[in-house]
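Me: I am new to this structure and would like a close look at a single part of it. Could you walk me through one strand and its surroundings?

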Amino acid sequence: MTDDKDVLRDVWFGRIPTCFTLYQDEITEREAEPYYLLLPRISYLTLVTDKVKKHFQKVMRQEEVSEIWFEYEGTPLKWHYPIGLLFDLHASNTALPWSITVHFKNFPEKDLLHCHSKDVIEAHFMACIKEADALKHKSQVINEMQKKDHKQLWMGLQNDKFEQFWAINRKLMEYPPEDSGFRYIPFRIYQAATERPFIQKLFRPIASGGQLHTLGDLLKDVCPSAITPEDGEMKTQVMIHGIEPMLETPIQWLSEHMSYPDNFLHISIIPQPTD
Amino acid sequence: MKDFADGYLSKTHFQVTNRNVPPDLKEKNKDNIEQMLFMHVEESLDDSQVDGVCATAEVIRYEYHVLYSNSYQVPVLYFRACFLDGRPLTLDEIWKSVHACYQARLLEGPWDTITQQEHPLLGQPFFVLHPCRTNEFMSSVLITSQKENRCTNYITSWLSIVGPVVGLNLSLSYAKLASEQMLI
């Protein structure tokens, strides 16, 4: 039987092989070779692509280079979503490597947040952690921590240091002995091609009778279409970190073991692959 | 307020950031019932310093949305701002436009105060005034008004506190309206 802690490691060290290609309309002084990279599922595009930027800037003139942004099959990729979520949502049932197009011009102001420095990513990451703790513990745990603990969470993510990160994050995964779980579960459910970017609602991990709510219970409550078969067939998959967890899994367990470093469960509802 | 879940309040206004107002500005908005024109005229330090040439007025279009945060269980102010030619303001420009009397607080922690975020219903970039301190300041407002037996409308009180930080000024008539509604 796999230890629960092994799940934490498997989630942290998940990687997606990716091929970055420069957009054909970008002006270059010589041909730009594609750049291959293993992307950490739990991180953010703008945090891990410094080498990609440097690689393409080498063949471009300074004046042609503005803020970098990424696109997949015409869809601008939101850097503030974790990489694993973006892949599961847009490309999980396509052949590897994941092909991402790199742009340096015509930043899509209406679609993407700006990311001029690492400070922006840190602010976003910490804001997500704070919101997750507001849901789990009425912000008590995060507010009791010192600034250096907050910094350690960020540095752990930035430098890919599992132990450093979890030394602090484990406190965010605890709950009072008299309770059986968190107050509410931090989660977001995503479906491609809807105007609404995600569904987020208040959901308790424990029922009034004391039973543990499951992933199936959550979906039935906030997104029933995800688990309703059409014509006797399931038209969609429910995916977290590239796998389909059993609907009977307790949501409290999922929250403790399969959340992203921002402490949210990011769940993708995607069409069933057609073989 | 909990019924807010899937909707939001919205308001658009134009702000002129210079003494010299282009004369045709009022006419642009005559036909549009949704837009209210605010002429925010800044006091110039010394009239004698203004030379003969009129500076071009910078007109900024602000759009404000009030949403409810389930996570913090408070209202949250989202807004976006662009020049008339469509160019959106940068985060830096937004920080700089915060009124002088709030600058000190902003500089203590700009990244905890106003940042760019995705609008949870529209999916587009907006600026947000962070809600994590809302409960703190609203509880003192509510306790005081309870003690004095005054009627308060939560949203009006909240908006009158956070709005001015980002250029949204509430007319006093809202306060009158709030107390009148309570008497019905």
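Reply: Happy to! A term to begin with: two strands count as paired if DSSP finds at least two bridges between them. Keep in mind that the model is predicted.

Let us look at strand S3 of chain A, residues 69–72. Strand S3 belongs to an open sheet of five strands in chain A, with the order S2-S1-S5-S3-S4 and mixed pairing. The edge strands, S2 (35–40) and S4 (75–76) of chain A, each pair on one side only.

On one side, S3 meets strand S5 (residues 98–103) of chain A, and three bridges join them in the antiparallel sense. Within this pairing, A:Glu71 stands opposite A:Thr101 of S5(A), and A:Phe70 faces A:Val102 of S5(A).

S3(A) also pairs with S4(A), again antiparallel, through two bridges. Here A:Glu71 has A:Pro76 of S4(A) as its bridge partner. So A:Glu71 has a partner in S5(A) as well as in S4(A), by the bridges that define pairing. The hairpin of S3(A) and S4(A) has two residues between the strands, and A:Glu73 takes a positive phi near 45 degrees there.

Now for the side chains: A:Trp69 and A:Glu71 point one way from S3(A), while A:Phe70 and A:Tyr72 point the other way, and all are buried.

Finally, a neighbour of the strand. Helix H4 (residues 83–91) of chain A packs on the sheet and touches S1, S2, S3, S4 and S5 of chain A. The direction of H4 makes about 110 degrees with that of S5(A).

Definitions and conventions. Residues numbered from 1 in each chain as written. Chains lettered and ligands numbered in written order. Predicted model: local features only at pLDDT ≥ 70, side-chain atom pairs only at ≥ 80, totals over all residues. Heavy atoms only, no water. Helix = DSSP H or I, 4+ residues; strand = E, 2+ residues; numbered from the N terminus. Contact = heavy atoms within 4.5 Å. Axes fitted to C-alpha atoms, helices over the stretch in contact; angles between N-to-C directions. Buried < 20%, exposed > 50% of the residue type's maximum accessible area, 1.4 Å probe, protein only.
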